[in-house]
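Biologist: Before I accept any label, I would like to see the rule behind it. Can we go through them in turn?

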Amino acid sequence: MHIQQIRNATLIIDFAGKKFLVDPFLAEKGTLPPFPNSDRQDQNNPLESLPLSVEEIIAGIDAVIVTHTHLDHLDDAAKEALPKDIKLFTQNDEDKAEIEGAGFTNIEVLQEDTVFENIQLIKTKGEHGRGEILKMAGHVCGVVFKHADEKTLYVAGDTVWYDEVQKTIAAHNPEIIVVNAGDNQFLQGGSLVMKEDDVYEVHKAAPDAKIISVHMEAVNHWNLSREDLQKFGEEKGMSSNLIVPNNGESNSF
């Protein structure tokens, strides 16, 4: 498989001969307001440029996966750029209805036994924070990809470390795990996605897996830099298993 980091949680995943676009956030740099009640109110989103043109990003895509419909996972630029009949997977009927409202016509709600072109797509649970913030953050999901010719891939989505992430790792034994680990936060409520300690828990649960950390430094409420996570990985002795890609960087497994 080939996994290319585009920006934030946006990935292009080539898996078993099919090309998936995950969580397309395609706005031009600085064209959206900052998320409120958080750091960097003087900086417009996205904070980083796309490494490729939108046309290059969506070329040849077989299916789109939207783990949830927050702006930085599916934005107006993506809705405008993507063909309305493209195969699109989402987490629940509520998100399906919202995306249908943008004109998309070929939407399927992920299940634990979804199959697309002989590829298993297994919806996994996630929690977009801890405690009271969950009421505001709403539902999210992740996805496990399986195929006889590929290593097992777990894209965890916008979740912190908690028991369901551990159960997913135990159940599927993924060899590649993508985590959203920018420790994004509002001024109150704590981490919305993984921070250093969460990534270390993933490593302890799957010590042989390669962990790819994305969703970093792209929107104003990030709290953990690529550099600091890499330093943490060195301190914890997991550098050989931790990949923190720059935008546009690809890794093959």
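Modeller: Two strands pair if DSSP finds at least two bridges between them, and strands (E, at least two residues) and helices (H or I, at least four) are DSSP runs numbered from the N terminus. The model is predicted: local features need pLDDT of at least 70, side-chain atom pairs count only at pLDDT 80 or more, and totals for chains, interfaces and linings use all residues. Residues are numbered from 1 along each chain as its sequence is written, and side-chain values use heavy atoms, with hydrogens and water left out.

Biologist: What makes strand E11 and strand E12 a pair?

Modeller: Five bridges join E11 (residues 176–180) to E12 (residues 210–214), and the rule asks for at least two. The two strands run parallel; Ile 177 has Ile 211 of E12 as its bridge partner.

Biologist: Which order do the seven strands of the open sheet take?

Modeller: The order is E7-E8-E9-E10-E11-E12-E13, with mixed pairing. E7 (114–116) and E13 (242–243) are the edges, because each has a single partner strand and one side without a neighbour in the sheet.

Biologist: Why is the pair of Phe 89 and Phe 116 called edge-to-face?

Modeller: Rings of Phe, Tyr and Trp (its six-membered ring) pair if their centres lie within 6.5 Å; planes under 30 degrees apart count as stacked, over 60 as edge-to-face and the rest as tilted. Here the centres are 5.6 Å apart and the planes at 80 degrees, so the pair is edge-to-face. Phe 89 is in strand E5 (residues 87–90) and Phe 116 in strand E7, 27 residues apart.

Biologist: And why does the pair of Tyr 200 and Phe 232 get that name?

Modeller: Their ring centres are 6.3 Å apart and their planes at 85 degrees, so this pair is edge-to-face. Tyr 200 lies in helix H6 (residues 196–205) and Phe 232 in helix H7 (residues 226–235), so the pair ties together parts 32 residues apart in sequence.

Biologist: Which of the words buried, partly exposed and exposed fits Tyr 200, and which fits Phe 232?

Modeller: Buried means under 20% relative accessible area, exposed over 50%, partly exposed in between (1.4 Å probe, protein chains only). At 22%, Tyr 200 is therefore partly exposed; at 11%, Phe 232 is buried.

Biologist: How do you know that Arg 40 lies over the face of Trp 222?

Modeller: The rule wants NZ of Lys or CZ of Arg within 6 Å of the ring centre and within 35 degrees of the ring normal. Arg 40 is at 3.9 Å from the ring centre of Trp 222. The charged end of Lys 84 sits over the ring of Phe 104, 4.9 Å from its centre.
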